[in-house]
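Biologist: I am new to this structure and would like a close look at a single part of it, namely the salt bridges. Please explain where they lie and how they fit into the chain.

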Amino acid sequence: MINKLANIVVVGQGAMGLLWYHHLSQASSKPNTKIKPETNLIVSPMTNVRLLTSDQVLLSNDELTSASYQFTPYQQRLSQRYALHYCQANDIEAADVILLCLKAYQISAAIKKSLTKLSAKTIIVLAHNGMGTFEDIVPLLSSKQMILALLTTHGCLRSGPLAITHTGSGQSDIGLLSAGGVGSQQAQQSTRELAKQLTMQLAQKLDLALPTVTFHRDILKKQWLKLAINCVINPITALNNIDNGVVNSEQFTEKIHALLAEITQISKAQGIDLVLEDLKTVVSSVAKATEKNCSSMRCDVLAGKPTEIDYINGYIHRLGQKYGIATPENTQMWQQVLTLSAKG
C-alpha cells in the first residue's frame, strides 16, 4: 500500500484520547523509547503520533515542548510519566489519520475550528458515544474524505489533567462509514475497494497498539447495537444516580423493554435488523459486566458537564419524527436528562 498510515493525530485530552495516544505513540516509537535519568520521564523522540487538545493554545512554547502525561496501566498501581508531543499546524496537514476522541457534540466544532487545513486524503475516525455526528460533518469535509467509526469497550478513568488510568481491558471495532467515492460507477467501486483495504490496514495498526481491534464490513449494525445499550444504561444511571449494575433491578424491567422496543422499530426503518429479546440480553450482560462502573453520562451529570444525550436518546427521538414513529420513552429520557443537565 502507498499510504503507510504513519502520521496520526489524536484529537482530545480526555480519557479515551489519552488512552489511544499513549498506546499508539508507544507502539510507533519502539525501540527508540528512552528514560531521562534526571526526571524519570519516558521519552519517545521518534514517534509520529501527535495529540491535539483544546487548551494547548494557552500554553507557552516552553510548556508545549516540555509537556508530559501520567499513565497507569491496566491492573497496575504504578504510574509513569511520558513525554507528550503536541500537534502543530503542519502535523494536521501531513496527517494520514485523524482520530477524533471527543464527545459527540464537540465533533463538528473541532473540525470547523482546528482541522481547517485537513487534506482530502486524510482518514477521519469517529470515536464517540451515540450517532448523528456523521450527518453533521459530511458537509464540512471534502467529498473524497474517508470517514470511519471506531467503537471500544475499554475502560479508562481521567484522574486529573493529562492523567489517566486504564481501568478495564476491552475490545474495539472499526469500519467504513464513507469511502469518499466520486466520479463514475467504476471509479466509485475502485475507491470503495481501496478504502476497505486502508481500513483493514488501519485496524491492524490499531490492534498492534491496543488489542483487540476488529475490522467490520457492516459497522452500522455495530453502531446501532452500542447505541441501544447507551440508550438504556446511560440515561437510567444518570437520572437515578446509580452504578451500571443496578440497571438490572426489577424496577427498571418495563422501562428497558419499552426503550428497546422503540429502538428496534426505528432501526428497522433505517434498514438495520435488531431483535428485541437479543437487545435485552446484551444490555443485561453489559450492565452486569460493568456493574461497579459509573456511566459516562452519569459522570458528566455529576461533574456538571454537558452530556451526549442529543446523540443517544435524542437521536432516536429525531428519527422517530422523521419516520412518523412514536418514541415516547426515548423522548422522555432525552428531555429528562436535558433538564437534569440544565439544573447542574
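Modeller: The account below begins with the whole chain and then turns to the salt bridges.

This is a predicted model, in which local features need pLDDT of at least 70 and side-chain atom pairs count only at pLDDT 80 or more, while totals for chains, interfaces and linings use all residues. Residues are numbered from 1 along each chain as its sequence is written, and side-chain values use heavy atoms, with hydrogens and water left out.

The chain contains 12 helices and 13 strands; these are DSSP runs numbered from the N terminus, helices being H or I with at least four residues and strands E with at least two. Its radius of gyration is 20 Å, close to the 20 Å that the globule rule gives for 344 residues, so the chain is as compact as a globular protein of that length. The radius is taken over C-alpha atoms, and the rule is 2.2 Å times the number of residues to the power 0.38. Of the 344 residues, 49% count as buried, where buried means under 20% relative accessible area, exposed over 50%, and partly exposed in between (1.4 Å probe, protein chains only).

As to charge, the chain has 31 positive and 25 negative side chains, Lys and Arg counting as positive and Asp and Glu as negative, with His and the chain ends not counted. Side chains of opposite charge can pair when their charged atoms come close. The structure holds 7 salt bridges, each a side-chain nitrogen of Lys or Arg within 4 Å of a carboxyl oxygen of Asp or Glu.

One of them joins K103 and D300, with the closest N and O atoms 3.0 Å apart. K103 lies in the loop between β7 (97–100) and α4 (107–114), and D300 in helix α10 (residues 296–302), so this pair ties together parts that are 197 residues apart in sequence. D300 counts as buried, at 7% relative accessibility.

Helix α10 also holds R298, whose partner D243 lies in the loop between α7 (219–240) and α8 (253–269), 55 residues apart from it. The closest N and O atoms of D243 and R298 are 2.6 Å apart. In this pair R298 is buried, with a relative accessible area of 12%, whereas D243 is partly exposed at 29%.

A further salt bridge is formed by D273 and K268, with the closest N and O atoms 3.4 Å apart. Here D273 is partly exposed at 49% relative accessibility, and K268 is partly exposed at 46%.

Technical notes. Charge placed at Lys NZ, Arg CZ, Asp CG, Glu CD.
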